[in-house]
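The exercises below are to be worked with the sequence and the 3D structure at hand. Each task is followed by a solution that proceeds step by step.

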Amino acid sequence: MKILLHACCAPCLMAPYKHLSKEYDIVVFWYNPNIQPYREYVRRLKAFREYTSRIGAKVIEDLSYPLEDWLLKASLLSKKSNVLRCRFCYADRLYKTAVMAKKISSDYFSTTLLLAPYQKHEIVKEIGEKIGKKVGVKFYYEDMRKWFDEGEGMARKSGIYRQGYCGCIFSEADRYWRDKI
Ligand code: SF4
């Protein structure tokens, strides 16, 4: 059975790939226009390429980066609530993944967003399942949080770049600015 596994970044890919590839044929998918600013996007993409090439993973990349559209939508939603902004961000990435999964005749699609405890886990699951029904490809759900500590260890050991914030400029501000003044 084939899973198209959306990777939000190299560190979050490590443990899910290790476990899922024992049972499934994994193709890793990159589509993350939520990563800002652009130099950070490139840094994470390079880390992703370095790691996937190291482990010999099959990879599909969608390098579209619709910055104006993304920021416009995210800003409007962010004014209402962070949860709405993150819902949009998850849905955008999961929809692209589901469509690609259908295109390559994958049995499932999934995402490494299910790994980190700081992501809105239940919302990722809910959106993944809804999009799966809409697009006509099954969403593979597993509570990957059980692999989080292992993934952290693998990431540290790998020497691959590990970012300090989720991705968007709003999360960067939350992490480095608002708490510090
Ligand atoms: S905090 Fe993370 S999940 Fe939420 S909108 Fe920003 S990049 Fe996306």
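**Exercise 1.** Sort the residues of the shell around the ligand in this predicted model into nonpolar, polar and charged, and find the element that gives the largest share of the shell.

*Solution.* Begin by listing the residues around the ligand, which are Asn34, Arg85, Cys86, Cys89, Tyr90, Arg93, Gln119, Cys166, Gly167, Cys168 and Ser171. Sorting them, with glycine counted as polar, divides the shell into 5 nonpolar, 4 polar and 2 charged residues. The next step is to assign residues to elements, and here helix 4 provides the largest share of the shell, 5 residues. Finally, turning to the space taken by the ligand, one finds that this space is the largest pocket.

**Exercise 2.** Is valine 59 buried, partly exposed or exposed, and which residues does valine 59 touch, not counting those up to four places away in sequence?

*Solution.* First locate valine 59, which is found in strand 3 (residues 58-61). Its relative accessibility is 32%, and therefore valine 59 counts as partly exposed. Under the stated exclusion, valine 59 touches Val28, Phe48 and Thr52. As a last step, compare with tyrosine 41, which lies 18 residues from valine 59 along the chain, the C-alpha atoms of the two being separated by 17 Å.

**Exercise 3.** Which element gives the largest share of the largest nonpolar core?

*Solution.* Start from the core itself, which has 54 residues, with Leu13, Ile26 and Phe109 among those with the most contacts inside it. Elements giving two or more residues to this core include helix 1 (10-20), strand 2 (25-30) and helix 4 (82-103). The largest share, 7 residues, comes from helix 1.

Methods. Residues are numbered from 1 along each chain as its sequence is written. This is a predicted model: local features need pLDDT of at least 70, side-chain atom pairs count only at pLDDT 80 or more; totals for chains, interfaces and linings use all residues. Side-chain values use heavy atoms; hydrogens and water are left out. A nonpolar core is a set of buried Ala, Val, Leu, Ile, Met, Phe, Trp, Tyr and Cys residues joined through side-chain atoms within 4.5 Å. Buried means under 20% relative accessible area, exposed over 50%, partly exposed in between (1.4 Å probe, protein chains only). Helices (H or I, at least four residues) and strands (E, at least two) are DSSP runs, numbered from the N terminus. A residue is near a molecule or strand if one of its heavy atoms lies within 4 Å of it. On a 1 Å grid over the protein atoms alone, a cavity is a set of points where a 1.4 Å probe fits but cannot get out, and a pocket is an open set with protein on both sides within 12 Å along at least five of seven lines; lining residues have an atom within 4 Å of a point. A molecule sits in a cavity or pocket if more than half of its atoms lie within 2 Å of its grid points. Contact means heavy atoms within 4.5 Å.
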